[in-house]
Amino acid sequence: MRGSGCFLLAMAVTGPAWAGPWAQPEGGWYAQAVLTAEELEGIRGNRVELYGEYGLAPGWSVTAKSEAVAYETAGSQFDRTAWRATLRRQLVDHKGWAIGVEAGLLEGNSVGGVFGCDSWGGEIRVSGGLSGLRGGRNFHAFADAVSVRYEDGCVRHRAEIGYGVDLWQNLFLGQQLWIERGSDTADSSKYETKLGYHFDWADLAVGYRQEFAGEFDEQAVLLAVSFRH
C-alpha cells in the first residue's frame with residue numbers, strides 16, 4: 001500500500017533547489033504537475049498532483065501541494081483529496097552540502113491510497129543533501145526524515161532517499177526510495193525511477209513506481225512536467 005503522506009518528486013537535475021534541504025532563491029519559484037495511472041490490489045486509480053515552491057527570502061521557502069485521486073471500485077469511484085503547506089529553512093549551504101528543516105500543516109492523505117488518513121495534521125522534516133558537478137554532469141542526492149501526526153491519532157514516520165543525474169546533454173535520470181512505518185496500515189516500501197528531458201520551456205519526465213515491501217501490491221506509471229524561474 002502507498003502509505004506516504006509526502007509529496008512525490010520529479011528529479012529535474014539542473015536545479016536541485018526544489019528538493020530535500022534546498023531553498024529557492026529569493027523571488028524564485030518552482031512548479032510541477034504529475035499525472036499518475038496506478039493499480040492497488042487490482043483497483044485502478046488516476047491521480048493528479050500539483051506542487052509549488054517560492055523563495056521568500058535568502059534561505060527561506062514556502063511550499064504547497066494539492067492532490068486528488070479517483071479509484072474505480074465496484075462500478076463506482078472512490079475519491080480522495082489532500083493538501084499540504086510548509087515553510088522550509090535551509091540551515092547549511094557549504095561547498096554543495098546542504099541541511100534544511102521544514103514544518104507545516106496538511107489535511108488528508110490521498111497518497112496513502114484507499115486507507116489514507118483523513119483529518120488535519122502536522123509534518124516535520126529534516127533533510128540533508130549534496131549537489132554539484134561530477135565528470136561535467138550535474139547531480140544531486142538527498143535524504144529526508146519525516147514525521148506526520150494527525151489529530152485523529154494517525155501517525156506516519158518516513159525515510160526518503162533520492163538522487164538525480166544528467167546522463168547526456170539534456171537527458172536526465174532520477175530515482176527515489178520511500179520507507180514508511182506507522183499506524184493504520186502505513187507500512188510501505190517503494191521505489192521510483194524516472195527518465196526525463198530538459199527542454200527550454202520545462203522539464204518533462206516519465207516514470208514507474210513499484211511497492212516492493214508492504215501490505216499490498218501496488219504499481220504506477222507517471223508523467224511529470226516541471227517549470228522553474
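How much area does the chain expose, and what share of it do carbon and sulfur atoms supply? In this predicted model, the exposed area of the chain is about 10200 Å², and carbon and sulfur atoms account for 62% of that area. The chain has 229 residues, of which 50% are buried.

The secondary structure consists of 12 strands and zero helices. Read along the sequence, the pattern is accordingly β-β-β-β-β-β-β-β-β-β-β-β. Contacts across the sequence were also examined. Among those between residues at least 6 apart in sequence, 54% join residues at least 24 apart.

The pairing of strands β2 and β3 illustrates the arrangement of two such elements. Strand β2 covers residues 43-57 and strand β3 covers residues 60-73; the two run antiparallel and are joined by 12 bridges. Within this pairing, Val 48 is positioned opposite Ala 68 of β3. The hairpin formed by β2 and β3 has two residues between the strands, and Gly 59 in this hairpin adopts a positive phi near 85 degrees.

Positive phi values also occur at residues other than glycine. One of these is Lys 95, with phi near 50 degrees. Lys 95 lies in the loop between β4 and β5, the latter spanning 97-107. Because its relative accessibility is 73%, above the 50% cut-off, Lys 95 counts as exposed. Gln 169 likewise has a positive phi, near 50 degrees, and is located in the loop that connects β8 (155-168) and β9 (171-182). With a relative accessible area of 59%, Gln 169 is exposed.

The interior was considered next. The largest nonpolar core comprises six residues, namely Leu 106, Cys 117, Val 146, Val 148, Tyr 150 and Cys 154. Strand β7 (residues 137-150) provides the largest share of this core, with three residues. In soluble globular proteins, nonpolar side chains tend to be buried together.

Aromatic contacts form a further feature of the model. Six aromatic pairs are found in a search of the whole structure. One of them is formed by Trp 83 and Trp 120, whose ring centres are 5.4 Å apart and whose planes meet at 85 degrees, an edge-to-face geometry. This pair links distant parts of the chain: Trp 83 belongs to strand β4 (residues 76-94) and Trp 120 to strand β6 (residues 120-134), with their positions 37 residues apart in the numbering. Trp 83 is partly exposed, at 32% relative accessibility, and Trp 120 is also partly exposed, at 41%.

A second pair is formed by Trp 201 and Phe 227. The ring centres of Trp 201 and Phe 227 are 6.2 Å apart and the planes are at 45 degrees, so the pair is tilted; this angle falls between the limits of 30 degrees for stacked and 60 degrees for edge-to-face pairs. Distant parts of the chain are again linked, as Trp 201 is in the loop between β10 (188-198) and β11 (203-214) and Phe 227 is in strand β12 (residues 218-228), 26 residues apart. Trp 201 is exposed, with a relative accessible area of 55%, whereas Phe 227 is partly exposed, at 32%. Trp 201 and Phe 227 also belong to a cluster in which ring pairs link them with Tyr 197 and Phe 199.

Note on methods: Residues numbered from 1 in each chain as written. Predicted model: local features only at pLDDT ≥ 70, side-chain atom pairs only at ≥ 80, totals over all residues. Heavy atoms only, no water. Core = buried A, V, L, I, M, F, W, Y, C linked by side-chain atoms within 4.5 Å. Buried < 20%, exposed > 50% of the residue type's maximum accessible area, 1.4 Å probe, protein only. Helix = DSSP H or I, 4+ residues; strand = E, 2+ residues; numbered from the N terminus. Pairing = 2+ DSSP bridges. Phe/Tyr/Trp six-rings, centres within 6.5 Å; stacked < 30°, edge-to-face > 60°. Contact = heavy atoms within 4.5 Å. Areas by Shrake-Rupley, 256 points an atom, 1.4 Å probe, with all protein chains shown as cover.
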